[in-house]
2 protein chains.
Amino acid sequence: MRYELFYWPSIQGRGEFVRLALEQAGAEYIDVARRSEASGMGVSALMRWLEDDTVVCPPFAPPYLKAGKLVIGQTANILLFLGARHRLAPKDEAGRLWTHQLQLTIADLVSEVHESHHPIASRLYYEDQRQAARRRAADLRTQRLPKYLGYFERILERNPHASGYLSGKTLTYADLSMFQVIMGLRYAFPHAMIGLTAGHPRLEALRVRIAALPRIAAYLASKRRLRFSQQGIFRHYPELDAPRAKPRARR
Amino acid sequence: MRYELFYWPSIQGRGEFVRLALEQAGAEYIDVARRSEASGMGVSALMRWLEDDTVVCPPFAPPYLKAGKLVIGQTANILLFLGARHRLAPKDEAGRLWTHQLQLTIADLVSEVHESHHPIASRLYYEDQRQAARRRAADLRTQRLPKYLGYFERILERNPHASGYLSGKTLTYADLSMFQVIMGLRYAFPHAMIGLTAGHPRLEALRVRIAALPRIAAYLASKRRLRFSQQGIFRHYPELDAPRAKPRARR
C-alpha cells in the first residue's frame, strides 16, 4: 500500500517524525503537499481534508497520514499505527505502551521547544514576543532540557536489554524521533548543546547510530530531507541560545 | 484487578482525566498519593516510581497507573489502555485510532490552557509571569478556544452515528475528557465561556449528558472529586478572563 503523508511542504516540523519512520520502514509514500497543484496535490490537497465540510473525521492539524481508507492524525498516533505495521515497536502490550509513552514525552519536549520562541501566540511573529521568548528559552536551556535529556539518558542506561535503544531490543519509532529532537536542538541551541551533549553520552551515541542506519543515511543525503530553518519547530535565534564562551585573554 | 493511580493528591490536574475513566468503568482503584504515608502510600510512594534508581521504566511525570505488572505513564496512553479494557473506546482499529487522535487533540488544548497562566515557566509563580500571561490568555480566549471548541463541535455534528458522542455509537474516554475540559474552562474563564457555550450547543449537550451519567454523577457528588483550584491546570484569574460586560447605564 502506498501511504499519503500530508504536511506543510517547506518545513520539517512535526511531519519529520513521520517521514523518518516511513523512510526507515522502507515504506512507499507520497509527500502530498510537496507535489504539484497541477497533479491535484500540493497544499490545496492538504487543506481539503482540514476544511472540507464533508470530511467525517477531519484532523485538527497536519501531519496526517492516509493509509487506504484510514486518515490518521496526531504525530504520536500515526507512529503508533506505523510502529505496529512496520516492526518499529515491540509487539507485546507492555512494550507497545512503553514505546508510546516515550513518544508522548518526546512530543511534550517538542512542544516546549516550540513554545520557547513562541511563548505568547503561534500566530504572532517571533519579533512580537521576543522578550518573553528570552525568558522562556533561558528556562528551557537551564531547567527543562537538562530534565528531559537526563530522563532519556537514564532510559537508555536502564534498558534491561542494553541495546542502546530506548525501548526493548531493537530500533523503535521513539529512537528515530529522539534522533530528530537532538538534531533539532543542535541546530537551535548550538552553544547550549555543547555541554548538554557531553553530559549525555548515550543520547549522543544513539544520534550517531541512527544517522548511520543505511536507510536514514540515504534519506538525510537526499532532497527529500528538508533543511532546518527559521520556520520550523527548531529555530536558531542566537539571543535564545546560551551565551558563547568568551575566549581567554592572552597574557 | 485493583488499579493504583499515582497523581498529586490535592489537585485534579491531568490525573482527573484518568479518574473519570476509572469511575465510569466502575473499576476498583486506589488513589495512592491521597492515602496515608503511614500505610506506605502518600506522596512518598508517588515519588518512589519517579526517583528510584532501580525503576527500569520510570514515568517522566504523574499521572501514571499501575495495572498488575504494568506501570503506564502519559495521560493519553493510560486512557488508550483503559479504553480497550473497559469498553471506553471502539474495538476496531479505525475507531480506536480516531478516539486516541481526539484525545491527543484534547491534550494539546489542555497544555495550551496551562500555558495561558504559565507562559514563561511552570516552576515560576504566576505573579512572576503575569504580563506575558495576559497576552497569552487573550490569544487563548479569542483565537485558540474558538478554534478548538469549533473543531470538537463539528466532530459531534459530523459523527455519522449521530450519537451525541465524539467517536462512534457509544461513550468513549474522549467524551469524559471533553467534559472535564469544558468544566475546567467554565471555572477558569466564566465570562469568556458565556459566549463560547452559546456558540457550541452540541458540546454543551455533551457536558450535561456526561454529568448525568449515574457513575459520573455519583463521583462528582463524592469526596473523591477534588475541587477546581488555583493550583491546577484550570485556574481562575479574573484578569485573564474576558472583561465582564458592563451593565447598561440607566437613563
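## Helix H8 of chain B and its neighbours

In this predicted model, the buried residues of H8(B) pack against three helices of chain B: H5 (130-158), H6 (173-188) and H9 (214-221). Helix H8 itself spans residues 201-211 of chain B, and its buried residues are B:Leu203, B:Leu206, B:Arg207 and B:Ile210. They lie on the same side of H8(B) because they cover an arc of only 100 degrees around the axis.

A general rule helps here: an α-helix has 3.6 residues a turn, so residues three or four places apart point the same way. Now look at the face of H8(B) turned away from the buried side: there you will find the exposed residues B:Pro201, B:Ala205 and B:Val208.

## The sheet of chain B

Chain B also has an open sheet of 4 strands, in the order E2-E1-E3-E4 and with mixed pairing. Its edge strands are E2 (29-31) and E4 (70-73), each of which pairs on one side only. From one strand to the next, the twist averages 20 degrees.

Strands E1 (residues 3-6) and E3 (residues 64-67) of chain B run antiparallel and are joined by 3 bridges. To trace one pairing, start at B:Glu4, whose bridge partner in E3(B) is B:Lys66. Helix H1 (residues 15-25) of chain B packs on the sheet, touching E1, E2 and E3 of chain B, and its direction makes about 160 degrees with that of E1(B).

## A hairpin in chain A

Over in chain A, strands E3 (residues 64-67) and E4 (residues 70-73) run antiparallel, joined by 4 bridges. A:Tyr64 has A:Gly73 as its bridge partner in E4(A). The hairpin of E3(A) and E4(A) has 2 residues between the strands, and A:Gly68 takes a positive phi near 65 degrees.

Technical notes:
Residues are numbered from 1 along each chain as its sequence is written. Chains are lettered from A and ligands numbered from 1 in the order in which they are written. This is a predicted model: local features need pLDDT of at least 70, side-chain atom pairs count only at pLDDT 80 or more; totals for chains, interfaces and linings use all residues. A residue is buried if 20 or more other C-beta atoms lie within 10 Å of its own, exposed if 12 or fewer, and partly exposed in between; C-beta atoms are placed from the backbone. The arc is that of the directions from the helix axis to the C-beta atoms. Two residues are in contact if their C-beta atoms, placed from the backbone, lie within 7 Å. Two strands pair if DSSP finds at least two bridges between them. Axes are lines fitted to C-alpha atoms, for helices over the stretch in contact, and angles run from 0 to 180 degrees between N-to-C directions.
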